[in-house]
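Here are my notes from going through the model, in the order I'd look at things. Keep the structure open beside you while you read.

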Amino acid sequence: MNKKILFLSIVSILYSNQLYAGNYGDVYGAHARANGMGNAVSAIVNDSSAVFYNVAGLGRVSEGELIRAILLSEMNKTKPITNEEGEGGETEGSTAVPSSESEPGIVDNLKDDFGNFHTGIFDHKSLMHPDNYLTEMTIMANYANPVLTTNAPSNQDLSRTSDHYGALGLSINLSSVYDLKRNIRIGLNIHLPASGNLMVVNDLNPTVHRHLQHGITNQKPTIMGGLGIEVIKDMLYLGAGFNVLAKGTGAILLKDVPISPDTVTPNQQAIIELKPLATPNYGMQFRYGKLNFGVAYRREIAMSVDALNARAQTTLLSIQLDMDVALLQYYSPRIWTYGFAYNASDRLTLSFDLNRELWSGYKLSRTKKTYSEDIYLNDTANYRAGLEYKLFKSVRVRAGYTKRPTPIRHNPTTINWIDFDKLIATGGFTYILFPSADGILSKLQNPVTFDFVLEYQKMHGRFIRKYIPTNTNPDYSSGGRAWHAGVSISLFY
């Protein structure tokens with residue numbers, strides 16, 4: 001039997017350099033509220049999405065608790081006070097909802113906000129706290145329709161590309177169990193493809209043109225959790241968390257291989273055992289006066305099968321071949337995030353983030369280094385900016401901007417990754433449903449928030465000229481755009 005031919009046939013089954021980079025949160029955002037601000041929230045995030053943006057944000061007073069604290073404060077200001085004889089309406093301590101009052105006009109509010117823009121920068125004040133700790137549950141739905149164009153040969157139907165996904169967020173304050181006089185909150189954030197696929201592993205020739213972060217190449221779950229602690233009251237917060245994918249072992253069994261000097265196509269069966277693989281995330285937030293700072297670190301993560309044994313069985317004898325193969329299709333880079341936010345007033349917040357993505361850490365397994373062209377990726381810096389303005393008591397509007405360069409180099413190689421430099425614009429708003437003294441909302445115990453976001457991504461076109469173009473590996477150009485809409489509902493109890 002020609003062992004060399006058999007060995008090469010096995011390698012052809014495993015031969016893959018596909019890079020499924022990023023995840024839904026990196027490409028489109030992990031929460032409608034954060035995405036509305038261009039995802040520039042690492043210094044101020046305080047909901048369940050903190051496990052994605054900056055896990056230290058779990059230690060802050062949560063968004064639901066802040067809303068409830070404001071509501072209780074307004075209720076206390078408008079309580080009727082009894083006279084000495086006990087007459088005159090409700091007794092002190094009543095939980096009556098405040099009567100509606102006309103709010104100042106938008107123009108007057110803007111004048112006040114920008115007029116006080118530079119005042120009291122270092123006047124540190126404690127945050128408002130509710131009468132009890134609240135648990136948050138957030139449900140999200142996201143629709144994304146990237147339009148990708150290329151004149152290169154493709155094995156994908158680019159006209160049907162989609163990135164729809166759903167998400168679930170949960171955060172629980174442990175001080176609701178035992179009051180530690182500090183916020184200690186655990187959080188969970190899960191993103192799942194709307195296609196229903198929890199994991200898709202493709203093994204394709206690297207000369208095939210593949211889009212890097214959209215469509216079929218973006219189908220993977222994201223499971224993140226963490227713990228945030230309020231170290232110094234309303235000032236310093238620390239957190240640690242995890243990101244879960246999969247790691248395991250496997251085997252490829254080739255059956256009924258006839259002895260022949262020619263190339264043969266054996267029956268084959270792939271068996272892979274996967275277990276959770278967790279990598280750490282860390283974060284810190286600092287707040288003083290109107291200033292907020294944040295630093296977050298997320299370890300790179302990939303799905304791997306460390307020892308993928310390939311066993312070939314012929315009709316007359318058995319041959320065992322062991323191969324070390326790491327399946328890095330689900331690679332996400334190591335990320336450092338630095339954030340700054342400025343609370344210009346009680347209504348206006350400005351925020352800025354710098355994301356440093358270390359794509360150069362991508363490595364091939366020993367087998368792929370032998371039989372594949374090596375891959376060199378650039379580290380990238382993503383710039384993000386966002387603002388939030390409280391237009392009315394129940395309405396907050398947001399806008400954001402992101403510049404995200406591609407890690408793919410312009411020099412031509414055999415491997416054809418299609419990716420783009422992106423300019424991203426987002427806009428969104430929040431509507432807060434408050435408890436009321438009348439009607440159907442009279443039974444509502446805590447506020448409910450609805451967040452909406454609309455995002456547009458401009459993918460700058462590229463042209464790649466090959467050193468020696470062929471019909472199967474030609475010069476090619478590519479470009480595109482993407483629209484994304486997301487909605488989330490957050491319940492607090």
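How many nonpolar, polar and charged residues does the lining of the largest cavity have? I'll start there and work outwards.

1. **The largest cavity, by class.** Bear in mind that this is a predicted model. The lining of the largest cavity breaks down into 10 nonpolar, five polar and four charged residues. The space inside comes to about 160 Å³, and the structure holds 10 cavities of 30 Å³ or more.

2. **Who lines it.** There are 19 lining residues, and the ones nearest the centre of the largest cavity are Phe52, Tyr53, Ala296, Arg298 and Thr337. Helix H4 (50–53) provides the largest share, four residues. At least two residues each also come from strand S7 (267–288), S8, S11 and strand S12 (348–358).

3. **H4 again, this time in the core.** The largest nonpolar core has 15 residues, and Val41, Ile44, Val45, Val51, Phe52, Tyr53 and Leu58 have the most contacts inside it. H4 is the top contributor to this core, with four residues. Phe52 and Tyr53 therefore turn up on both lists: among the residues nearest the centre of the largest cavity and among the best-connected members of the core. As background, nonpolar side chains tend to be buried together in soluble globular proteins.

4. **Tyr53 up close.** Take its neighbours within four places in sequence out of the count, and Tyr53 is in contact with Gly29, Ala30, His31, Ala34, Asn35, Asn39, Val41, Ser42, Val45 and Ala296. Two names there are worth a click: Val41 and Val45 are also among the core residues with the most contacts. Ala296 is another, as one of the residues nearest the centre of the largest cavity.

5. **A separate core.** Apart from the core around H4 lies another one, of 13 residues, including Leu148, Tyr165, Met459 and Ile464.

6. **The second largest cavity.** What changes here is the class make-up: the lining has three nonpolar, four polar and seven charged residues. The volume is about 90 Å³. Of the 14 lining residues, Arg33, Glu63, Thr449, Asp451 and Ser490 lie nearest the centre. H5, S14, strand S16 (422–433), strand S17 (448–464) and strand S18 (476–492) each supply at least two residues of this lining.

7. **The Glu63 pair.** Glu63 makes a salt bridge with Arg396, with the closest N and O atoms 2.4 Å apart. This pair links distant parts of the chain, since Glu63 sits in helix H5 (residues 63–77) and Arg396 in strand S14 (residues 395–404), 333 residues apart. Are the two partners buried or exposed? Glu63 is buried, with a relative accessible area of 11%, and Arg396 is buried too, at 7%. For context, side chains of opposite charge can pair when their charged atoms come close.

8. **The network around it.** Through shared partners, salt bridges join Arg33, Asp47, Glu63, Glu388, Arg396, Arg398 and Asp451 into one network. Three of those names, Arg33, Glu63 and Asp451, are also listed nearest the centre of the second largest cavity. A search of the whole structure finds 12 salt bridges.

9. **Glu300 and its two arginines.** Glu300 forms a salt bridge with Arg334, at 2.5 Å from N to O. Again the partners come from distant parts of the chain: Glu300 is in the loop between strand S8 (291–298) and strand S9 (304–314), while Arg334 is in strand S11 (residues 334–343), 34 residues apart. Glu300 also forms a salt bridge with Arg299, the closest N and O atoms being 3.4 Å apart. In accessibility, Glu300 is partly exposed at 23%, as are Arg299 at 33% and Arg334 at 26%.

10. **Ala152.** This residue is in the loop between strand S1 (136–150) and strand S2 (165–173), and counts as buried at 9% relative accessible area. Its C-alpha atom is 8.9 Å from that of Thr472, 320 residues away along the chain.

11. **The whole chain.** The protein chain has seven helices and 18 strands. Of its 493 residues, 49% are buried. Among contacts with a separation of 6 or more, 73% are between residues 24 or more positions apart.

Definitions and conventions
Residues are numbered from 1 along each chain as its sequence is written. This is a predicted model: local features need pLDDT of at least 70, side-chain atom pairs count only at pLDDT 80 or more; totals for chains, interfaces and linings use all residues. Side-chain values use heavy atoms; hydrogens and water are left out. A salt bridge is a side-chain nitrogen of Lys or Arg within 4 Å of a carboxyl oxygen of Asp or Glu. Buried means under 20% relative accessible area, exposed over 50%, partly exposed in between (1.4 Å probe, protein chains only). On a 1 Å grid over the protein atoms alone, a cavity is a set of points where a 1.4 Å probe fits but cannot get out, and a pocket is an open set with protein on both sides within 12 Å along at least five of seven lines; lining residues have an atom within 4 Å of a point. Grid points are joined across faces, edges and corners, and a volume is the space filled by probe spheres set on the points. Ala, Val, Leu, Ile, Met, Phe, Trp, Tyr, Cys and Pro count as nonpolar, Asp, Glu, Lys and Arg as charged, and the others, Gly among them, as polar. A nonpolar core is a set of buried Ala, Val, Leu, Ile, Met, Phe, Trp, Tyr and Cys residues joined through side-chain atoms within 4.5 Å. Contact means heavy atoms within 4.5 Å.
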